[in-house]
Amino acid sequence: MSLPPVVRHQYDAVIVGAGGAGLMAALEASKGCRVAVASKLYPTRSHTGTAQGGIGAALGNLESDRWEWHMFDTVKGGDYLCDQDAVEIMCQEAIEVVYDLEHMGLPFNRTPEGKIDQRRFGGHTIEFGKAPVRRSCYAADRTGHMILQTLYQQCIKRGVEFFDEFRLIDLLIQDGRCGGLIALCLATGELHLFHAKAVLLATGGFGRMYKVTSNAHTLTGDGCAIAFRRGVPLEDMEFFQFHPTGIHKLGILITEGARGEGGILRNGKGERFMERYAPTLLDLAPRDMVSRAIYREIREGRGIQGRDYVHLDLTHLDPAVVERKLPDITDFVRTYLGINPVKEAIPCQPTAHYAMGGIPTNVNAQVVIDADNSPLPGLYAAGECACVSVHGANRLGTNSLVDIVVFGRRGGRHIAQQISKLDLPPLSADAQGRAQEETSRLMSNLGGESAARIRAELQQVMMDHASVYREERGLKEALAAIAALRSRYRRVDVSDKSMRFNTELEEALELGYLLDLSWVTVVAALERRESRGAHSREDFPTRDDAHWLKHSLAFASNGTIRFDSKPVSITRFQPQERKY
Ligand SMILES: Cc1cc2nc3c(=O)[nH]c(=O)nc-3n(C[C@H](O)[C@H](O)[C@H](O)COP(=O)(O)OP(=O)(O)OC[C@H]3O[C@@H](n4cnc5c(N)ncnc54)[C@H](O)[C@@H]3O)c2cc1C
């Protein structure tokens with residue numbers, strides 16, 4: 001097959017991804033330099049647009065609140081693996097960024113006096129854990145949608161150039177710095193080389209490793225996997241969050257906002273079982289704890305009719321409030337389950353939701369590549385693909401939207417400030433070589449393996465052995481299964497040989513990323529012999545600060561994975577026992 005032609009572009013900065021992190025970074029960077037955004041999706045279709053519950057900021061509009069309490073909750077919620085210097089910045093800047101978004105036109109729900117309304121969310125408390133606090137700023141259950149629309153408008157206004165349906169397939173890292181990237185254009189099948197002084201990855205998460213997930217079909221971790229293949233380590237990959245309330249079997253998310261508004265979880269006996277697991281915060285305990293509690297209830301035979309789900313009960317709430325504050329999720333439940341959530345309880349099970357791990361960065365979103373946090377010049381990352389690390393071992397609800405706008409903005413600002421001091425790094429003559437090789441290999445394969453089949457098997461293996469509970473035997477089985485799937489992947493056949501809109505080729509590429517990230521996740525989960533946050537080892541059931549209060553760094557190393565670790569930044573809050 002002949003190689004596709006390469007089209008060349010030159011920008012000061014290229015942002016990859018047009019979710020909340022990418023758009024915020026582009027907006028800020030555009031204040032100091034010429035910026036392009038390359039996104040495999042049309043910007044407003046990014047997963048940020050599905051975020052329902054809200055964005056946390058200690059505005060104190062309805063009751064007293066302080067950023068220090070937000071910081072404490074985040075650190076405790078993250079089981080003390082969060083870098084506290086980064087959390088401090090996030091909780092302080094959250095307040096300013098929410099007001100910035102308001103001034104850009106984001107239509108938040110309002111209190112009767114016209115202030116931004118706020119609601120309760122899991123793990124967010126008043127006075128260091130005393131009781132739930134109203135901290136989540138929201139626009140009905142469409143907060144993320146409103147963030148995307150608002151930021152996209154602002155980017156267009158500032159003249160940011162968009163390359164929609166352009167997919168990153170390689171990063172150009174040479175002589176220890178990043179000088180651009182290669183993207184595949186969906187419409188034409190051409191490769192595009194973007195030569196730039198700075199590249200910021202904002203490619204989102206990778207929940208599609210799992211069978212039951214709240215994540216969109218496109219969340220395949222492309223940026224993380226490509227960076228990993230080019231020598232960048234991945235941090236804390238053993239921590240993957242399961243959200244307690246996915247719609248049974250489908251995984252579609254029912255926001256924690258439903259419990260924030262007073263919804264209750266019940267088992268097959270009708271009991272409010274969270275009373276046993278988190279007597280103070282009950283249904284608003286952090287997600288890792290609630291997901292484990294649901295698994296326990298199910299295992300001990302107290303699922304609904306002994307089956308693998310529990311109920312989320314909203315029937316005692318005022319139907320008008322449910323319809324007004326949670327319109328989209330009530331719609332989902334009616335559409336997908338055919339039940340009326342104001343009259344009947346909703347069947348729920350934990351659903352793979354959020355990657356705490358990812359590409360290591362410092363607080364300016366610069367990618368750092370070793371235990372000493374040395375930056376890789378020219379490469380940035382922000383949002384769910386990055387690990388800064390503000391979420392530690394378990395993220396609190398509403399904190400991802402904060403993370404993406406705070407660190408997206410910091411990354412964009414840093415680029416704008418640094419750009420005049422940077423030169424365009426030279427690129428080798430065959431900079432596009434690896435990308436051409438990968439796509440033409442996939443296109444010319446005749447191995448007869450189907451990407452869809454391998455992906456389904458992978459998702460089942462990850463669900464069975466690397467989800468809410470893990471143990472050595474299951475993880476080793478998963479490792480062997482993934483090795484077999486990785487070797488079958490080398491024979492994956494792309495039967496569509498056309499250049500235009502070749503979504504089959506795109507899915508084959510995405511499967512490669514999912515296989516790599518699943519592999520790293522399982523190996524990292526085997527390495528960490530303790531239970532912390534979302535990583536719960538049945539064979540090592542307690543947290544072990546003496547040995548494991550550290551971040552893991554996984555490096556690709558000649559076909560294997562090499563591990564290193566780096567210390568956790570602890571500034572204000574010493575690790576304590578985690579009770580709610
Ligand atoms: C259903 C759901 C509800 C949620 N609700 C909340 C909530 O209420 N509050 C909260 O704080 N968090 C919530 N989250 C989490 C939060 O929404 C996400 O973590 C966050 O929006 C991620 O933003 P992002 O900008 O990093 O990535 P995304 O919004 O996922 O965007 C990723 C971007 O990268 C692009 N991209 C990916 N790969 C490539 C590639 N190879 N080449 C080019 N472009 C690429 C995509 O086109 C897309 O534009 C929710 C998540 C889900 C799934």
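**Figure 1. The whole protein chain, inside and out.** Buried residues make up 63% of the 580 residues in this protein chain. Keep in mind as you look around that the model is predicted. Following the chain from end to end, you would pass through 16 helices and 22 strands. The radius of gyration is 23 Å, close to the 25 Å that the globule rule gives for 580 residues, so the chain is as compact as a globular protein of that length. A box of roughly 65 × 50 × 50 Å, taken along the principal axes, is what the C-alpha atoms fill.

**Figure 2. Surface and contacts of the chain.** The protein chain exposes about 20400 Å², and carbon and sulfur atoms supply 48% of that area. Now turn to how the chain touches itself. Among contacts with a separation of 6 or more, 75% are between residues 24 or more positions apart.

**Figure 3. Polar contacts with the ligand.** Let's zoom in on three places where oxygen atoms of the ligand meet the protein. In the side chain of E384, an N or O atom is 2.6 Å from an oxygen atom of the ligand. S39 also uses its side chain: one of its polar atoms lies 2.8 Å from a ligand oxygen. G20 takes part through its backbone instead, with an N or O atom 3.2 Å from an oxygen atom of the ligand. How much of the ligand does the protein bury? Taken alone, the ligand exposes 1000 Å², and the protein buries 98% of that.

**Figure 4. The shell around the ligand.** Two or more residues of this shell come from each of these elements: helix α1 (20–29), strands β2 (35–39), β7 (166–174) and β14 (346–355), and helix α11 (399–418). Which element gives the most to the shell? That is α11, with four residues. In total, 39 residues surround the ligand, and those that come nearest are S46, H47, T48, G53 and E384. Sorted by character, the shell has 14 nonpolar, 20 polar and five charged residues.

**Figure 5. A close look at R409.** This arginine lies in helix α11, the element that gives the most residues to the shell around the ligand. Is R409 buried or exposed? Its relative accessibility is 1%, and buried means under 20%, so R409 counts as buried. Which residues does R409 touch, leaving aside its neighbours within four places in sequence? The contacts are M24, E28, E93, E96, V97, D100 and I404.

Methods
Residues are numbered from 1 along each chain as its sequence is written. This is a predicted model: local features need pLDDT of at least 70, side-chain atom pairs count only at pLDDT 80 or more; totals for chains, interfaces and linings use all residues. Side-chain values use heavy atoms; hydrogens and water are left out. A residue is near a molecule or strand if one of its heavy atoms lies within 4 Å of it. A polar contact is a pair of N or O atoms within 3.5 Å; within protein, one must be able to donate a hydrogen and the other to accept it, and residues adjacent in sequence count only if both atoms are side-chain atoms. Accessible areas come from the Shrake-Rupley method with a 1.4 Å probe; for residues, only the protein chains shown count as cover. Ala, Val, Leu, Ile, Met, Phe, Trp, Tyr, Cys and Pro count as nonpolar, Asp, Glu, Lys and Arg as charged, and the others, Gly among them, as polar. The radius of gyration is taken over C-alpha atoms; the globule rule is 2.2 Å times the number of residues to the power 0.38. Buried means under 20% relative accessible area, exposed over 50%, partly exposed in between (1.4 Å probe, protein chains only). Contact means heavy atoms within 4.5 Å.
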